[in-house]
Structure formats: structure tokens, C-alpha cells
Amino acid sequence: TERLLHINKILGKTWYDLELSDGEFKQLEQQMHNRSLERNEGDGRLRLQDRNLYRVFNSASFDKGGRFYGGWWQIIPSSYRRKILINGKRTVELDFSSLHPSILYAKIGKKLPTDAYVLSIKPFLEEDEQQKTAFRKLVKKAFNAMINAEHSLKQPPREIALKDWGITWTQLVSAIIERHQPISDYFFTGVGLELQFIDSEIAEKLMLSFYDRLGFVPLLPVHD
């Protein structure tokens with residue numbers, strides 16, 4: 001609680017904004033409104049005054065979940081993050097790629113494969129970079145579903161559409177297990193919430209480190 005209060009104290013001393021023209025701002029608001037209607041998530045309004053963070057845990061022992069939420073920068077479309085300003089200055093977004101697969105491999109003392117989401121099956125044209133990127137995103141969603149589910153899934157989650165790819169859910173699951181045989185025991189165990197706790201602790205340490213060691217430099221956490 002004290003650490004979270006300290007983080008929010010620093011956030012409260014800094015102003016965050018977006019470097020957008022009036023036209024771009026209207027487009028952003030329309031996108032957020034449309035998305036909120038699709039997901040039934042409130043009115044989709046951008047409220048720049050929302051700067052206080054809170055943590056959401058998924059267990060009474062506070063060892064599952066724990067990610068930070070509440071900042072307005074977390075609800076804007078990802079393409080607008082590069083437009084974020086801190087006290088009028090432009091910012092840089094740093095991404096922890098393949099974070100949960102990396103943590104699982106670290107748990108067993110092994111190194112993550114070059115790309116966690118590249119599989120032996122390739123239902124796309126090799127030279128089609130757009131399809132290649134789209135399929136990688138699909139594999140990432142499937143991987144996350146497999147570590148968050150507490151039991152085997154006979155059908156893919158709704159956000160994983162396989163019809164256009166010409167493969168079945170069973171084939172996709174088998175390919176992911178084949179790719180990640182060293183950590184296959186973690187699939188369908190619900191370990192995802194434990195991994196969220198670990199990544200939330202990493203986020204907290206980074207925020208406190210930047211605030212306290214580098215002269216109150218603010219970091220804005222985003223969880224995709």
C-alpha cells in the first residue's frame with residue numbers, strides 16, 4: 001500500500017497528455033466510443049484526469065494478478081501511445097516481448113526460443129508478411145489462453161478465429177506444445193495469474209527505481 005501511494009504521489013505531480021490535432025483527437029474519441037460499445041465498457045470517454053493507479057489481485061493471499069490499472073493511457077488504442085506527452089515532452093514506449101513465455105523458461109532454467117510465437121505449421125504464404133504477422137498474433141492469443149485456462153479447452157476462445165486459416169484448434173494446440181515442450185506442463189494449469197503477479201512486481205520495481213534513483217522520472221505502466 002505504501003509503495004502504491006508513493007507511485008501515485010509521483011504520478012500526481014506530473015501531467016500527461018496527447019500530441020494530437022483537433023481532428024486526430026476527434027478520431028480517437030470516436031474509436032474509443034465505438035470500442036466501448038462493442039465491448040460494453042462504459043462510455044469510452046477519454047479522461048486525462050485519471051492518473052491514479054490501483055492494483056487488481058485475484059486471490060486472498062495477494063499472489064495472483066496484481067497488475068496496475070486506472071490510468072487513462074491504458075485505455076487508448078495502442079497506435080496512439082507514441083503520441084503520449086509527459087510534461088509536454090515526447091515519450092518512448094518500451095515493450096517486454098514474450099514476457100510470460102520468458103518467465104516460464106526462466107523458472108526451469110532454460111532459454112526462451114528465438115521467437116515464442118513462431119510454429120512449425122505455417123498456414124500462410126511465406127512471402128506474405130501481413131499474413132505472417134497476423135498468424136503470429138493468433139498464436140500469441142492461443143498461447144495466453146493455454147496458460148490462463150485451468151483445464152484443457154476443446155474449443156478455442158471466441159477471439160481466436162481459425163476458420164480463415166484452415167487449421168483446427170487441436171492442430172494449433174499441438175503445434176504450440178511441440179514448440180514449447182520444456183514448459184508444456186504449465187499449459188492448462190491457470191499459471192497465467194501467477195505470471196501476472198510476477199510481471200506486476202517487475203513493473204512496480206521499475207517504477208519505483210525510475211522515480212527514486214533517477215530523479216522522479218515517471219513511468220506509465222501498460223498491460224496488453
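Where does Arg 81 lie? Look in the loop between strand E3 (65-69) and strand E4 (84-86), and you'll find Arg 81 there. Keep in mind that you're looking at a predicted model. Arg 81 has a relative accessible area of 10%, and since the cut-off for buried is under 20%, it counts as buried. Its side chain isn't without a partner, though: the side chain of Arg 81 makes a polar contact with the side chain of Glu 93, at 3.0 Å.

Now let's move to helix H2, which covers residues 22-39. With 18 residues at 1.5 Å a residue, H2 should span 26 Å, and its end C-alpha atoms are indeed 26 Å apart, so the two values agree. Which residues of H2 are buried? They are Leu 28, Met 32 and Ser 36. These three cover an arc of only 70° around the axis, so they sit on the same side of H2. What do they pack against? That would be strand E1 (16-18). Turn to the face of H2 that points away from the buried side, and you'll meet the exposed residues Lys 26, Leu 37 and Glu 38. Just after H2 comes Asn 40, with a positive phi of about 55°.

Last stop: the second largest pocket, which holds about 190 Å³ of space. Helix H1 (2-12), strand E2 (54-57) and helix H6 (192-213) each supply at least two residues of its lining. H6 gives the most, with 3 residues. Among the residues lining this pocket are Arg 3, Leu 4, Arg 55, Phe 57, Phe 197, Glu 201 and Glu 204.

Key
Residues numbered from 1 in each chain as written. Predicted model: local features only at pLDDT ≥ 70, side-chain atom pairs only at ≥ 80, totals over all residues. Heavy atoms only, no water. Helix = DSSP H or I, 4+ residues; strand = E, 2+ residues; numbered from the N terminus. Buried < 20%, exposed > 50% of the residue type's maximum accessible area, 1.4 Å probe, protein only. Polar contact = N/O pair within 3.5 Å; in protein donor to acceptor, adjacent residues only side chain to side chain. Expected span 1.5 Å × (residues − 1). Arc of directions from axis to C-beta. Contact = heavy atoms within 4.5 Å. 1 Å grid on protein atoms, 1.4 Å probe; cavity = no way out; pocket = protein on both sides within 12 Å on 5 of 7 lines; lining within 4 Å. Points joined across faces, edges and corners; volume = space filled by probe spheres on them.
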